[in-house]
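Welcome! Take a moment to turn the model around on your screen, and then let us walk through it together.

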Amino acid sequence: MSGLTGCATYGDQQQAALIAIEQGDYATAESQFTVALETQARNELLYFLEVGMVRHLAGDYAGSNAMLQRADELRDTLGFNSLGVQFQNFMSSPAMGTYHGATYEFAYVNYFKALNYLALAQQTGDNQWLDAARVEARRLEIILNEFAANEGDYLTVATSEDEQAAGFLQVLRVLNGQYVDPNSLIYRDDAWARFLAGIAYENLREWDSARVAYQAAANAYEQGYAEQYQLGAEATRLAWTSTVRMMRTGGGWADEWPRLVEAKGLSEEETRPLAADEAMLLVVEHTGFIPPIGELNLFLSKREAAKSLVLEPVITGDEAQQLEQLGWFTLHYADTGIIDLLARYQAGGLWQVLDDPLRSKQVQLGPLWDVADEVGLLNGIGPLGVRVSVPYYPPAYDEPTASELRLNGASHGTVVAMANIEQLARQERLRLAQDEMMAALLRETIKNAANQWVSEVASSGDDGLALLFNLAGRAAATATARAETRHWVTLPSWARANAVRYKSVAGEPIALSLHADEQTLWAQDVVLQPGKVNIFYARTFGH
C-alpha cells in the first residue's frame with residue numbers, strides 16, 4: 001500500500017500565509033499567496049479570492065475589490081471546459097484540475113465586495129461608493145433569489161413537506177444508516193448577506209428598499225437559517241428591529257409596525273428612527289478561518305466468496321486527525337444501518353456482522369457480481385485492491401468567546417452571531433460526501449482497468465512482464481489519487497455583530513475596542529457620521 005500517507009493538503013500548503021495574516025503581516029501573506037497561486041492557471045480563482053481577502057484585511061478596499069471582481073467574472077466562465085479537458089481532469093485527480101469554487105464562496109465574493117464599497121463610502125464621503133454598494137447588494141440578492149428558486153426557500157420547504165411521508169423517509173434513512181437528511185444541508189439563502197444589503201439601502205436613504213432587505217433577512221433567520229446554522233435568537237431580533245425602524249423612518253406603516261413590535265417582543269425605543277444627532281454604530285467581527293479540508297484514504301477490495309466489495313479507511317496523521325478521519329468514515333460510509341448489517345449477514349453470517357462494521361463498508365453484489373465482472377469493474381479493482389482519496393471536514397469548532405464592545409472604555413454589550421460560515425462550508429461538504437466517494441471509486445477503478453489492459457498488450461503474453469507493468473501502473477495511479485482539498489482558506493469562521501445607537505458630536509473621535517478573555521482583540525479610533533449606519537470591521541483570532 002505504498003503512497004497511502006498522501007501529500008500536503010491545500011490548507012497545509014497555505015499555512016505560512018495564514019500565520020502572516022494572524023500576525024497582521026499582510027504584505028507577506030499576499031506575497032505567499034502570489035508565489036503559490038498566481039502562475040497556476042488551475043488555481044486562478046483561488047489567487048483572486050485569497051489575495052482579495054488579504055487586501056480587505058489590510059484596509060486596501062479598492063485593491064480588494066479589484067481582485068474580487070476578477071473572481072466574480074470567472075463565475076460564468078469556469079464551467080466551460082472542453083470534454084477532453086474534463087476527461088483528463090477526471091482521470092488524473094480533482095486536485096489537478098481547474099478550481100471552480102463552491103456556491104457559497106461566490107456569494108461571499110459579493111458579500112465582501114459590498115463591505116469594501118461601504119467602507120470606501122464611509123472613508124471618502126463619496127456617494128458613488130454607496131451606489132456601487134447598492135449594485136453589489138442587488139447582485140447579491142439576485143444570487144440568493146436564485147438559490148431560493150432552485151432549492152426552495154425556508155418557508156417553501158417548511159410548508160411543503162407531508163408529515164407522514166417525511167416521517168417514513170426519516171425511518172428509512174435511519175434503517176439505512178443515513179442519519180442526516182441531505183435536503184437539510186442545502187445552502188438555500190443567506191440572512192446575514194440580506195441584512196448587509198439593507199445597510200447599503202439605508203445609507204442611501206432608500207427606506208423601503210432597506211425595509212424589504214431587512215425583512216427578508218428576518219424571515220430567513222426565523223424560518224430556518226438560524227436553526228440550520230446554529231445561531232441564537234439575537235440575530236433574528238436585530239433584523240426585525242431594523243425592519244421596524246425602516247417602517248417608522250420611511251412612514252406609511254402606522255398600522256403594521258406596532259403589531260410587529262408586539263409580535264416580535266420588541267420595544268418602541270429600540271425601533272424608533274435615528275435622531276438628527278444619532279449614529280447607528282455596527283461593529284462586524286469576523287473570527288478565525290474556516291477549518292481546512294482534509295484528505296481521507298480509502299481502500300476498496302473484493303471478496304469473491306461473498307460476492308461483495310469492501311471499503312475500508314486507511315487512517316493517517318496524528319491522533320486527532322485519525323479520530324477525525326474515522327469519525328467521517330463512520331458517519332458517511334460505514335455499515336451502521338440495520339439494512340447494512342442485514343446485507344453483511346447474508347454475505348457471510350454472524351461473523352461477517354461482527355467484523356468491525358464501524359471501520360468498513362460492505363456492498364453485497366449478489367447477481368450483479370457477474371455484471372460487474374463483464375463491464376470490467378472487478379478487473380479494475382484487481383487482486384490488490386484500489387486506493388482512493390476523498391475530502392473530509394473536521395468536527396465543528398466551538399464558537400469563540402463572545403467579544404465585548406467598548407466605546408471610550410464603556411461597555412456596550414457583546415457581539416452576537418449573525419452567520420456561521422464554517423458550518424455553512426461543512427454542510428456543503430457533508431451534502432457532497434457520497435457523490436465524491438462514488439466519483440473517486442469510479443475514477444480509480446477505470447484507471448486501473450485501463451492500466452491492466454495496457455499491461456497485457458505491452459507484455460505480449462509474458463505473464464511476468466505483465467505483472468511488472470501492472471504494478472508500475474498501479475503505483476502511478478496511487479500516486480495521482482488525490483482528493484480535492486482546495487477552498488477559500490482565508491474566509492472567516494463566524495460573522496458576528498453589535499449594533500449601538502450613539503449620540504455623536506461632529507468630528508469627535510471615539511475609541512472602539514473589542515475584548516475577550518481579558519485581552520484587547522481589536523481597537524480603532526473612529527469618527528461617526530450622524531443619521532447613518534457606521535460600519536467597522538474587525539478580524540480576530542485565538543479566543
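**A walk through the model**

Let us begin with a small detail: the side chains of S389 and R387 are joined by a polar contact of 3.1 Å. Please keep in mind as you look that this is a predicted model. S389 also has a side-chain polar contact with N297, at 2.8 Å. To find S389, look in strand 5, which covers residues 386-392. With a relative accessible area of 4%, S389 is buried, because buried means under 20%.

From there, step back to the nonpolar interior. In soluble globular proteins, nonpolar side chains tend to be buried together. Here the largest nonpolar core has 125 residues, and Y108, W192 and Y221 are the ones with the most contacts inside it. Which helix gives the most to this core? Helix 7 does, with 14 residues. A second core, separate from that one, has 18 residues, including L407, L512, L514 and A538.

W192 is a good place to pause. Leaving aside neighbours within four places in sequence, W192 is in contact with Y111, Y221, Y225, V284, M418, A419, A495 and A497. One of these partners, Y111, also belongs to an aromatic cluster, together with Y108, F112 and W488.

Aromatic rings meet elsewhere too: the structure holds eleven aromatic pairs. One of them is formed by Y117 and W129, which are stacked, with 6.0 Å from centre to centre and 20° between the planes. Why does this pair tie separate parts together? Y117 lies in helix 7 (residues 103-124) and W129 in helix 8 (residues 127-151), so the pair links parts that are twelve residues apart in sequence. The two partners also differ in exposure: Y117 counts as buried at 15% relative accessibility, while W129 counts as partly exposed at 24%. A ring can also meet a charge, as at W257, where the charged end of R248 sits over the ring, 4.0 Å from its centre.

Now follow helix 4, which runs over residues 44-57. Its 14 residues reach 20 Å from the first C-alpha to the last, close to the 20 Å expected at 1.5 Å a residue. Is helix 4 largely enclosed or largely open? Twelve of its 14 residues are buried, so helix 4 is largely enclosed by the rest of the structure. Among those buried residues are L45, Y47, F48, E50 and H56. What surrounds them? The buried residues of helix 4 pack against helix 1 (10-13), helix 2 (15-22), helix 3 (26-37), helix 5, helix 7 and strand 12 (533-540). After helix 4 comes G59, with a positive phi near 85°.

Helix 5, one of those packing partners, covers residues 61-73 and holds A62. At 45% relative accessibility, A62 counts as partly exposed. The C-alpha atoms of A62 and N116 are separated by 7.2 Å, although the two residues are 54 residues apart along the chain.

Helix 13 (residues 234-250) makes a good companion to helix 4. Its 17 residues should span 24 Å at 1.5 Å a residue, and its end C-alpha atoms are indeed 24 Å apart. Twelve of those 17 residues are buried, so helix 13 is largely enclosed by the rest of the structure. The buried residues include W240, R245 and M247. Helix 13 is followed by G251, whose phi is positive, near 80°.

Positive phi values also turn up in residues other than glycine. R205 has one of about 65°, and its place is the loop between helix 11 (191-203) and helix 12 (207-228). R205 is exposed, with a relative accessible area of 57%. Q230 has a positive phi near 60° and is found in the loop between helix 12 and helix 13. Q230 is exposed as well, with a relative accessible area of 53%.

Our last stop is another loop residue. S493 sits between helix 21 (463-480) and strand 9 (494-503). Is S493 buried or exposed? S493 is buried, with a relative accessible area of 5%. Not counting residues up to four places away in sequence, S493 touches T287, G288, F289, I290, A419, N420, I421 and E422. You have met A419 before, among the contacts of W192.

How values were computed
Residues numbered from 1 in each chain as written. Predicted model: local features only at pLDDT ≥ 70, side-chain atom pairs only at ≥ 80, totals over all residues. Heavy atoms only, no water. Phe/Tyr/Trp six-rings, centres within 6.5 Å; stacked < 30°, edge-to-face > 60°. Helix = DSSP H or I, 4+ residues; strand = E, 2+ residues; numbered from the N terminus. Buried < 20%, exposed > 50% of the residue type's maximum accessible area, 1.4 Å probe, protein only. Lys NZ or Arg CZ within 6 Å of the ring centre and 35° of its normal. Expected span 1.5 Å × (residues − 1). Polar contact = N/O pair within 3.5 Å; in protein donor to acceptor, adjacent residues only side chain to side chain. Core = buried A, V, L, I, M, F, W, Y, C linked by side-chain atoms within 4.5 Å. Contact = heavy atoms within 4.5 Å.
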